[in-house]
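The exercises below are meant to be worked with the sequence and the model open side by side. Each task is followed by a solution that goes step by step.

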Amino acid sequence: MSQFPSLEAALKHFFGYDNFRHGQKNVIEAALQNRDILALMPTGAGKSLCFQLPALLKPGLTVVISPLIALMQDQVDALTDNGIGATFLNSTLNLDQARSRIQSIFNGKIKLLYIAPERLFNEGFQHFLLDVYQSIGLAGFVVDEAHCVSEWGHDFRPEYRQLTHIRRRYPQTPCHAFTATATQRVRQDIIDQLALQNPSFHCTSFNRPNLYYEVVSKGSKSYTQLLTYVRKRRGQAGIIYCSSRKKVDELADRLQQDGIKALPYHAGLADGLRADHQEQFIRDDVPLMVATIAFGMGINKPDVRFVVHYDLPTNLERYYQESGRAGRDGEPAHCTLFYSAGDIKKAEYFIELKEDEQDKRIAYQQLQKMIDYAEGSECRRTIQLSYFGEQFLGNCAGCDNCQNPRPLEDWTIEAQKFLSCVARCRERYGMAYIIDVLKGSKRDKILQNKHHELSTYGIGRDRTKDEWKNLGRSLLHQGLMLESSDGYRILKLNDLSWEILKKQRQVNIPIERRQTAAEILGMGDNHLDAEILFGELRQLRKQLADANWIAPYMVFSDATLRQMATRRPRTQADFSLISGVTSAKYQRYGEPFLAAIQEFCATQAPPKPQVNGTQLITFQLYQQGLSVIEIAKQRNLTAGTINEHLATLLQSGEAIDLDRLVKPEAQAEIEQAIATLGPVSLSQLREHLQEKYSYDAIKLVRAKLIQQSA
Ligand code: ADP
Ligand code: ZN
């Protein structure tokens, strides 16, 4: 630890990042105090770093137990590319390879050793561990995907149970358990099974602010909708989940025929082929995977930009985990559920195949929660997070219901027609039948039942079937009508239904929006140049990755490339300030990237003021929450200079919150003055404002306005 002035400095040195993500620092501090740890962090929170950084700072070897060979290999590749001493031992190595790795461990070159759980009980490995313990020391055991230790979790691994013995053998060595999912029960099980001693407990919020959640209603042209969606995201990595192997094959085929590069992935493909498809996806050779839920666990691709569910997932936790594979790098990503109420029937069919009554009941309940999510008009995040026992107040600005709420319409009369039809059919039929009666269908069954003689027969011809369905679903969703949960889904009236029929209650339902939020977000893209450069940098990244036999995201993350594209560094100093650039990375890849940026800039008129190194340092301190005075002090510069920097940064479009610098009322007044006087000098503006505000404040507000009008 002593070689770094702060944990942040160590972070920048080893990983190139400027700031910790929420929750990371606390875990790292506990690890450095050699405490046992249980950390619950959602996918994308950055849990690997929470054990990697302490491993690099502590003396001795850290042993990481991880259930998936592919994951291990990925993490080790990424670390090695960053010049960090990490390796793995597993059954894929030959004797010589294993020997040379073991040697590097005793040389102290390796700080992190990844192993599969079954390895721990191999006798040779036991000796090796003891040797390490006695010679260089054991810094800690890390148990990744720790929920595998519990029978109550969804991925129970019997081998994990043996970890208890290791714990007994090395009681002084701290143990750090990490998982992305854990109910209360699994949590306790992890503590018991791993014999964690007074563990330091960490639970990061399951909110993933960079993910945009939306539900798109799937009509009869669902494939065309999907195709448009995918075309709009051409070149971006994405996953489309389907419920069956057959659908996966058909959809992948159809997309290919329409010129979209996509590959299928499911458990029915031969092992070799499946691995090959996965590899092509990770290496950015093919951006799109069409897959069953067999795909995902163990896919360490941080730059997945969208996850589509083309069929209804069976429960909300699944949906959260699967959609959560998007945007692990913290960059914006889309999670889109294509939903049609017709999917409910299919889901129920599978539930009915279950034999155990208890299982069935639970499955129906879970399905209902999923339906509530899909049909609800509240904030999608609020619904998801409440599932994890987390309160979220809504208004997230990152879901379709918050961004673009569905308009409400008064459908009281229609609801009365609908419910009275249910009553007249004696509460014995499902939704499709009721709608047929309302629409005046001549189906045999209706004629046989003499329901064409009912007063409600044909009174709903003025609305489409879909509109009636939307009403019916909404009545159920709002609890204004009931549906039997025996697989037949018979509609039943309740007290509230009767209030509607007696004209004592009004019914408002959300109607379809005209445009999806995704479409609105997709427009208004004025950073076209940065987009083009970003695309070029991605191509360069792909070439370098192929030449080095690693996955592109290991060269630089999307987040890092994005910063390069907006900031356009010209010198090594500027380049090294980009988040994700370590000196090891600079040495390896700095030159080609600088050259590409330079070439791009030469062909492009600079769209905004160049931000230089000293301004970027100010920006970093600003991002850490320091005030102008504090930054000035720390940098030994005047406040005026710092404000000058901030103005340039603002004008060049960096994320500077003007409210932190100038009071909103002052902003309004200054804006007013600028609007009245037009392009005049700062002193004229100041005079006009009767010297009420400083030059700095005026300069900052003006910078913001220039940026907005650019
Ligand atoms: P998890 O295992 O929690 O899903 P990872 O450990 O794989 O997440 O991290 C997800 C991504 O976030 C990785 O690409 C990682 O490099 C990146 N990351 C982690 N911590 C930070 C940080 N402090 N700043 C920027 N990026 C980070
Ligand atoms: Zn929301």
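**Exercise 1. Lysine 47 and its surroundings**

In this predicted model, which residue does the side chain of lysine 47 join in a polar contact, and is lysine 47 buried or exposed?

Solution. Begin with the partner: the side chains of lysine 47 and aspartate 144 are joined by a polar contact of 3.0 Å. Next, place the lysine in the chain, where lysine 47 belongs to helix α3, which spans residues 47-57. Then turn to accessibility: lysine 47 has a relative accessible area of 14%, and because buried means under 20%, lysine 47 counts as buried. Finally, list the neighbours, leaving out residues up to four places away in sequence: lysine 47 touches Met41, Asp144, Glu145 and Phe178.

**Exercise 2. The buried sides of α1 and α2**

Find the buried residues of helix α1 and of α2, and decide how they are arranged around each helix axis.

Solution. Take α1 (residues 7-15), whose buried residues are Leu7, Ala10, Leu11, Phe14 and Phe15. Viewed down the axis of α1, these buried residues fall within an arc of 105°, and they therefore line one face of the helix. Among the elements that cover the buried residues of α1 are α2 (24-32), α3 and α4 (69-81). Just after α1 comes glycine 16, which has a positive phi of about 85°.

Repeat the procedure for α2, where the buried residues are Gln24, Val27, Ile28, Ala30 and Ala31. They cover an arc of only 160° around the axis, so they are on the same side of α2. The cover over the buried residues of α2 includes α1, β1, α3, β6 (175-179) and β7. After α2 follows asparagine 34, with a positive phi near 60°.

**Exercise 3. Strand β7 and its partner**

Which residues of strand β7 lie on its covered face, and how does strand β1 run relative to β7?

Solution. Sort the residues of β7 (residues 200-203) by face: Ser200 and His202 make up the covered face, whereas Phe201 and Cys203 make up the uncovered one. For the pairing, strand β1 (residues 37-40) and β7 run parallel and are joined by four bridges. Within this pairing, leucine 38 stands opposite phenylalanine 201 in β7.

**Exercise 4. Strand β11 between its partners**

Describe which way the side chains of strand β11 point, and name the strands that pair with β11.

Solution. As a starting point, side chains in a regular strand alternate between the two faces of the sheet. In β11 (residues 288-291), Leu288 and Val290 point one way, Met289 and Ala291 point the other way, and all of them are buried. One partner is strand β9 (residues 238-241), which pairs with β11 in the parallel sense over four bridges, and here isoleucine 239 has methionine 289 of β11 as its bridge partner. Another partner is strand β10 (residues 262-265), which runs parallel to β11 and is joined to it by four bridges; in this case leucine 263 stands opposite methionine 289. To trace the connection, follow the chain from β10 through helix α11 (residues 271-282) to β11, a β-α-β crossover that is right-handed.

**Exercise 5. Glutamine 384**

Where is glutamine 384 placed, and with which residues is glutamine 384 in contact?

Solution. Glutamine 384 lies in helix α15 (residues 380-387). At 2% relative accessibility, glutamine 384 counts as buried. Setting aside neighbours within four places in sequence, glutamine 384 is in contact with Tyr213, Leu316, Tyr319, Tyr320 and Tyr373.

**Exercise 6. Positive phi in two loops**

For alanine 397 and glutamine 690, give phi and the loop in which each residue is found.

Solution. Alanine 397 is not a glycine, yet has a positive phi of about 65°. This alanine sits in the loop between α15 and α16 (400-403), and at 52% relative accessibility alanine 397 counts as exposed. Glutamine 690, also a residue other than glycine, has a positive phi near 55°. Glutamine 690 is in the loop between α32 (682-688) and α33 (695-709), and with a relative accessible area of 69% glutamine 690 is exposed.

**Exercise 7. Cysteines**

How many disulfides are counted in the model, and are cysteine 402 and cysteine 601 buried or partly exposed?

Solution. The criterion is a pair of cysteine sulfur atoms within 2.5 Å, and by this rule the count comes to zero disulfides. As to accessibility, cysteine 402 is partly exposed at 21% relative accessibility, whereas cysteine 601 is buried, with a relative accessible area of 9%.

Conventions: Residues are numbered from 1 along each chain as its sequence is written. Chains are lettered from A and ligands numbered from 1 in the order in which they are written. This is a predicted model: local features need pLDDT of at least 70, side-chain atom pairs count only at pLDDT 80 or more; totals for chains, interfaces and linings use all residues. Side-chain values use heavy atoms; hydrogens and water are left out. Buried means under 20% relative accessible area, exposed over 50%, partly exposed in between (1.4 Å probe, protein chains only). A polar contact is a pair of N or O atoms within 3.5 Å; within protein, one must be able to donate a hydrogen and the other to accept it, and residues adjacent in sequence count only if both atoms are side-chain atoms. Contact means heavy atoms within 4.5 Å. The arc is that of the directions from the helix axis to the C-beta atoms. Two strands pair if DSSP finds at least two bridges between them. A crossover is right-handed if, with the strands pointing away from the viewer, the path from the first strand over the helix to the second runs clockwise.
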